[in-house]
Amino acid sequence: IIINGKSYKNYFFNEDNRVYELIYSGSDFTILKGFSVKLVTGSGNPMVNRSNDKYVKKESYFIRSGENNMIESFKLSKRSLNKLFENSSMDVNRILAYIDSSNLSYKDESDVIKMLEFAFSK
């Protein structure tokens with residue numbers, strides 16, 4: 001499914017059927033973004049400053065890899081991304097130099113997409 005230029009795909013894994021946003025799709029792995037919604041109940045106490053109920057949307061990242069296409073939790077962090085870069089055909093030092101020269105952030109989703117496209121481009 002494509003909505004507003006973003007691709008979404010339905011995966012059935014571990015007796016769970018969820019829709020994920022495709023962040024990056026490569027030959028060895030796919031980075032996905034999952035969404036969850038939680039109800040935060042209001043309080044009658046005026047000192048708490050939550051008079052109404054509200055829904056809070058949370059985002060979490062996942063990686064789909066391996067021969068059995070397992071979906072595992074994934075953090076947008078320097079450590080986890082550098083582990084992915086080790087599997088790249090490009091030199092890791094060259095990738096890190098590109099990240100430093102372009103002033104890319106490991107926490108920003110659009111910057112992570114740029115890093116992955118650079119590291120795994122053929």
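This report describes strand pairing, a network of salt bridges and several individual residues in a predicted model.

**Strands**

Strand β3 (residues 16-25) and strand β4 (residues 29-40) pair in the antiparallel sense over four bridges, and the two form a hairpin with three residues between them. Strand β4 also pairs with strand β5 (residues 54-65), again in the antiparallel sense, over 12 bridges. Individual bridge partners can be named on both sides of β4: E21 has K33 as its partner in β4, while the partner of F35 in β5 is E59.

**Salt bridges**

A search of the whole structure finds three salt bridges, and they are listed below.

| Salt bridge | Closest N to O | Separation in sequence |
|---|---|---|
| K33 and E21 | 3.8 Å | 12 residues |
| K33 and E59 | 4.0 Å | 26 residues |
| K33 and E109 | 2.9 Å | 76 residues |

Together, E21, K33, E59 and E109 are linked in a network of salt bridges. In general terms, side chains of opposite charge can pair when their charged atoms come close. The E109 pair links helix α3 (residues 109-119) to strand β4, whereas the E59 pair links strand β4 to strand β5.

How buried or exposed is K33? Its relative accessibility is 6%, and because buried means under 20%, K33 counts as buried. E21 is buried as well, and so is E109, with a relative accessible area of 18%. E59, at 44% relative accessibility, counts as partly exposed.

**A buried arginine without a salt bridge**

R64 lies in strand β5 and is buried, yet it has no salt bridge; the nearest side chain of opposite charge is E72, which is 11 Å away. Leaving aside its neighbours within four places in sequence, R64 is in contact with Y11, D28, F29, T30, L32, N69, M70 and I71.

**Other residues**

N82 is found in helix α1 (residues 78-85) and has a relative accessible area of 19%, so N82 is classed as buried under the 20% cut-off. Not counting residues up to four places away in sequence, N82 touches L96 and Y106.

On the surface, V37, L39 and Y55 form a nonpolar patch, with about 350 Å² of accessible area together. Of this patch, V37 has its place in strand β4 and is exposed, with a relative accessible area of 59%. Strand β4 therefore holds both the exposed V37 and the buried K33. As a general point, the side chains in a regular strand alternate between the two faces of the sheet.

Note on methods:
Residues are numbered from 1 along each chain as its sequence is written. This is a predicted model: local features need pLDDT of at least 70, side-chain atom pairs count only at pLDDT 80 or more; totals for chains, interfaces and linings use all residues. Side-chain values use heavy atoms; hydrogens and water are left out. Two strands pair if DSSP finds at least two bridges between them. Buried means under 20% relative accessible area, exposed over 50%, partly exposed in between (1.4 Å probe, protein chains only). Lys and Arg count as positive and Asp and Glu as negative; His and the chain ends are not counted. Contact means heavy atoms within 4.5 Å. Patches are made of residues with over 30% relative accessible area and no salt bridge: like charges are joined within 9 Å, nonpolar side chains (Val, Leu, Ile, Met, Phe, Trp, Tyr) within 5 Å. Accessible areas come from the Shrake-Rupley method with a 1.4 Å probe; for residues, only the protein chains shown count as cover.
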